[in-house]
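Thanks for asking for a guided first look. Here is a friendly note to read alongside the model, point by point.

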Amino acid sequence: MDASFFKGNREKFSNLIEDGSVAVFMSGNPLRRSGDQFFPFEVDRNFYYLTGLDEQNLVLVIAKKDGVAEESLYLPPLNERMERSNGPALRPSEASGISGVQEVIYTSYEQQIIDYLASGSGRAFQRLYCDYLTYPNLENPQLLALINNLRNSCPYATVKYAGSLVHGLRYLKQPAEIEAIRSAIALTAEGLRNALANLAHGRPEYQIKADFEDPIIRRNHGFGFATIVAAGLNSTVLHHSPGTYQGSTGDLVLFDVGAHSSYYSADISRTYPVSGKFSDKQRLVYEIVLNSQKECLAMMKPGATLASVSETARLCAIRDLKSSGIISSDAEVTKHYYHGVCHPLGLNTHDVMPGGGEILLAEGVVCTLEPGLYFPQWGFGVRIEDDVLITRDGNEVLSPQIIKEIADIENSF
């Protein structure tokens, strides 16, 4: 993605905010792990969507007055000692080349914004759009401190939520974003092929995880979320962390995995038999889940709601579990049907969506489709998940190369 992509995103956002507004977006800070060690830095995704920059402690400010939006990007002052320790810091020319923002400044932005809004000329700006979380206990303390200072220094300025505006833009994917998701899926497919090729009796979950991740790491890519590999009874736990359990003949192994490319994530689930063959009971459940996915796929088009897709999956599960004699009443489905089946996919694995009311599928939306059924009493669960692009008249499955038909799975061993 080049600078024009990010510049276009800022222009769309600027068109949405009111005149007389200032918007502030922060790239974020690394979290301390222990002592002088920090967790790997992950850039705030709204900031990345607007700038393409993935460095820490950066701030984007957009001010709109008389219908004209002005952009400024603030970099932390240079610190030669830190550069000797951590490498060269981002330079203004580099930041401008990536983001397309022309005004790039080395300075602390916090007091500058406060002083400006409190000044006579600054009173033309009546609103401050901040990209904060609606659950403050998880929010960046730096941003919360800024908002509190602004409320004290500029009591006339209204603080508004910028995230909902950006989320509406991010919900509809542009061609460059769809290509990034395709790339992430291709990486994920490569990892799953390697994991399936090495699947065998006695192989522990942590080694199966390594089998999946190794081809992706070797291509210098990362993951949209923590890899889930769950064998045997562990496959009935939705977010199981791979451990030392050794998959045995007769077990199923459930993968819920996704590489990312340019921070755009894949999200794929597959369920494979350790022995290469499904038992009769496993085959029955797998076919119910796969049929449910196919019925949901048929209804995924512009105008359908995310909730209606999940309800279709639930009703399919009730029908087929009752007809097979596994349950006798509709209410019993809750013992085996644990979760919804459809969420947006993009810069976050569980990506953002417009706020308010029912969420409609629309052309350009990319979402998951992931029905699953779980049977702790039988020692296995089945989940099948693909990534789907909503098109003008229907949809396109973006992950067709990742096998899921029973015959294809069994023939691959």
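The points below cover a small sheet, the helices across it, a cavity, a buried helix and one exposed proline.

1. Before anything else, please keep in mind that this is a predicted model.

2. A good place to begin is the open sheet of 3 strands, whose order is E17-E20-E21 with antiparallel pairing. Strand E17 (366-369) and strand E21 (395-397) are at its edges; each has a single partner strand, so one side of each is left without a neighbour in the sheet. On average, neighbouring strands here are turned by 35° against each other, with direction ignored.

3. Now look at how E17 meets strand E20 (residues 386-390): the two run antiparallel and are joined by 4 bridges. If you would like one pair to find on screen, try Thr 368, which has Asp 387 in E20 as its bridge partner. As general background, strands of a sheet pair through backbone hydrogen bonds, either parallel or antiparallel.

4. Which helices lie across E17, E20 and E21? Helix H8 (residues 175-197) does, running at about 165° to E20. H10 also lies across these strands, and its direction is about 150° to E17.

5. H10 comes up again at the cavities. The structure holds 2 cavities of 30 Å³ or more, and the largest has about 40 Å³ of space. Its lining consists of Ile 288, Val 289, Ser 292, Ala 313, Ala 317, Tyr 337, Pro 371, Gly 372 and Leu 373. Helix H10 (280-299), H11 and strand E18 (372-375) are the elements that each give two or more residues to this lining. H10 gives the most, with 3 residues.

6. What is the character of that lining, counted as nonpolar, polar and charged residues? The largest cavity has 7 nonpolar and 2 polar residues around it, and no charged ones.

7. Next, turn to helix H7 (residues 163-171), where Gly 163, Val 166, His 167, Leu 169, Arg 170 and Tyr 171 are buried. The cover over these buried residues of H7 includes helices H1 (3-16), H2 (45-51) and H11 (306-323), together with strands E1 (21-26), E7 (127-130) and E8 (158-161). H11 is thus worth a second look, since H11 also contributes to the lining of the largest cavity.

8. Finally, is Pro 141 buried or exposed? Pro 141 belongs to helix H6 (residues 141-153). Its relative accessible area is 62%, which is over the 50% cut-off, so Pro 141 counts as exposed. Gly 28 is 113 residues away along the chain, yet the C-alpha atoms of Pro 141 and Gly 28 are separated by 9.9 Å.

Notes:
Residues numbered from 1 in each chain as written. Predicted model: local features only at pLDDT ≥ 70, side-chain atom pairs only at ≥ 80, totals over all residues. Heavy atoms only, no water. Buried < 20%, exposed > 50% of the residue type's maximum accessible area, 1.4 Å probe, protein only. Contact = heavy atoms within 4.5 Å. 1 Å grid on protein atoms, 1.4 Å probe; cavity = no way out; pocket = protein on both sides within 12 Å on 5 of 7 lines; lining within 4 Å. Points joined across faces, edges and corners; volume = space filled by probe spheres on them. Nonpolar A, V, L, I, M, F, W, Y, C, P; charged D, E, K, R; others polar. Pairing = 2+ DSSP bridges. Axes fitted to C-alpha atoms, helices over the stretch in contact; angles between N-to-C directions.
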